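Student: Can we go through this one together? I'd like to poke at the backbone first and then the packing.

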Amino acid sequence: MNIRSNEPYWLINNGILNSYPSLQADADCDVLIVGAGITGALMANACIKAGFRTLIIDKREVANGSTSATTAMLQYEIDVPLYQLAKLIGEIGAVASYKACRDSIDTLGKIATEIKSDNGFMKKESLYFACSNKDVKWLKTEFERREKAGFEVCWLGQEQIRKTYGLKSEGGILSKDGASVDAFRLAHQLLNHNQNKGLEIYDKTELKTVKYFEDQVLVETSTNAKIRAKKIIYCTGYESTQIIPEKIVKLKSTYAVVSERMKNIPSAVKNTLFWNTAQPYLYMRTTADHRLLVGGEDENFKNALLRDALLGQKEEKLSKAIKKLMPEIDFITDFTWSGTFGETKDGLPYIGPHPKFPNTYFCLGFGGNGITFSVIGADMITGMLQNEVDPLAYFFRFGR
């Protein structure tokens, strides 16, 4: 599956950080991770810490799939608002899921510090703002539910938002817990760090066949090498839909533009993540080198050719949208790309075992919380490998 188009900003900005060989000889390990993006890198980090002999493969170059196209806005807010999620899965599960996402942001910051990564991780506030007056009522309901659950939030009115951010909106929820990161750079640095601790890394190595046994899995790759592993963990994101029999996610195409470098971005804008109540929603953040990244204009995914054919049209719409919302910002587009993502029925990930695949785990963080879900999933699955039980496993399970 072609899951991104054009050359995303992160690839161009970072260039080639590390290079790895393809697998040319048979291998064995405790844990085989499939997918060397940010999810696989976080999973490998957790597995190495837990003492497992770990090997990771990717059919592309490292981090060249969805990780190279992500906007990497780290928010605890799940795509389904808290008050709606509580109706779907109950108050306890909804609040626990939101709090796990919140805590995962700090966990990611600690991981970045541990490996001395220069990935631009930066704690930020997050503004969830109304795109029209009709959304204010339910957005205030969401604010009240979050405040009651103990999240650090405040309500901003129209004038406060205009004065602080130069943004046109009728009102919004300002959350203290958010961050941004260069996920492409972080994935590379996590992998390099753990290679020095024994992690085996092979790119341009595609998984071709898997045989599942009671006590192990046997994998054959595109390079004709065989891998014998006690457990296999799929960190393949939306491409997992090609092997999982049931439909668990609706694939979408999203579009992103990044501006030229700006000299005078207001500090309040630099220190805040933005997303609105539109369907599909618009989202914005600044980069470490003083650009504004804007995304949205989502479409149902049909195929990569149709997705990419809309690039010019979507670039124009996103540019117009940001100029309308922030008229004082002089936005000049420098990079444009699109990528594929997915929506689940409840906005939650699928993390854990699947009944049709013995000795197998999946870490599939869908929606706008892919990275925070990956942090959670890495911890959950390494716990499962050690026979530990996480209460969130019930809410993130297959077949729910």
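**Helices, loops and odd angles**

Student: What does phi look like at Gly 150, just after H5?

Tutor: Gly 150 has a positive phi there, about 100 degrees. Helix and strand labels are DSSP runs numbered from the N terminus (helices are H or I with at least four residues, strands are E with at least two). This is a predicted model, where local features need pLDDT of at least 70 and side-chain atom pairs count only at pLDDT 80 or more, while totals for chains, interfaces and linings use all residues. Residues are numbered from 1 along each chain as its sequence is written, and side-chain values use heavy atoms, with hydrogens and water left out.

Student: What follows H2, and what is its phi?

Tutor: Gly 51 follows H2, and its phi is positive too, near 90 degrees.

Student: Back to H5. Why does its end-to-end distance agree with its residue count?

Tutor: H5 runs over residues 136-149, and at 1.5 Å a residue its 14 residues should span 20 Å, which agrees with the 20 Å between its end C-alpha atoms. The expected span is 1.5 Å times one less than the number of residues.

Student: Which H5 residues are buried?

Tutor: Val 136, Leu 139, Glu 142, Phe 143, Arg 146 and Ala 149. They sit on the same side of H5 because their arc around the axis is only 145 degrees, taken from the directions from the helix axis to the C-beta atoms. Buried means under 20% relative accessible area, exposed over 50%, and partly exposed in between, with a 1.4 Å probe and protein chains only.

Student: Which exposed residues does the other face carry?

Tutor: Lys 137 and Lys 148, on the face of H5 turned away from its buried side.

Student: And what do the buried ones pack against?

Tutor: Helices H3 (82-89) and H4 (91-114), plus strands E4 (122-129), E5 (153-157) and E6 (171-180). Contact here is heavy atoms within 4.5 Å.

Student: How do H3 and H4 cross?

Tutor: Their axes come within 7 Å and cross at roughly 135 degrees, which makes H3 oblique to H4. Axes are lines fitted to C-alpha atoms over the stretch in contact, with angles from 0 to 180 degrees between N-to-C directions. Under 35 degrees counts as roughly parallel, over 145 as roughly antiparallel, 65 to 115 as roughly perpendicular, and the rest as oblique.

Student: Switching to H2: how many of its residues are buried?

Tutor: 11 of 12, which leaves H2 mostly covered. H2 reaches 17 Å from first to last C-alpha, close to the expected 16 Å.

Student: How does H2 sit against H11?

Tutor: The axes of H2 (residues 38-49) and H11 (residues 370-385) come within 9 Å and cross at roughly 35 degrees. Among the residues that meet are Leu 42 and Met 43 in H2 and Val 375 and Ala 378 in H11.

Student: Any odd loops? Is Ala 72 buried or exposed?

Tutor: Ala 72 counts as buried because its relative accessibility is 2%. It's in the loop between E2 and E3, and phi of Ala 72 is near 55 degrees, positive in a residue other than glycine.

Student: How about Lys 116, buried or exposed?

Tutor: Lys 116 counts as exposed, at 75% relative accessibility. Lys 116 lies in the loop between H4 and E4, with a positive phi near 55 degrees.

Student: Last one: which peptide bond is cis?

Tutor: Gln 279 to Pro 280, with omega near 0 degrees. Pro 280 is in the loop between E12 (272-276) and E13 (283-286).
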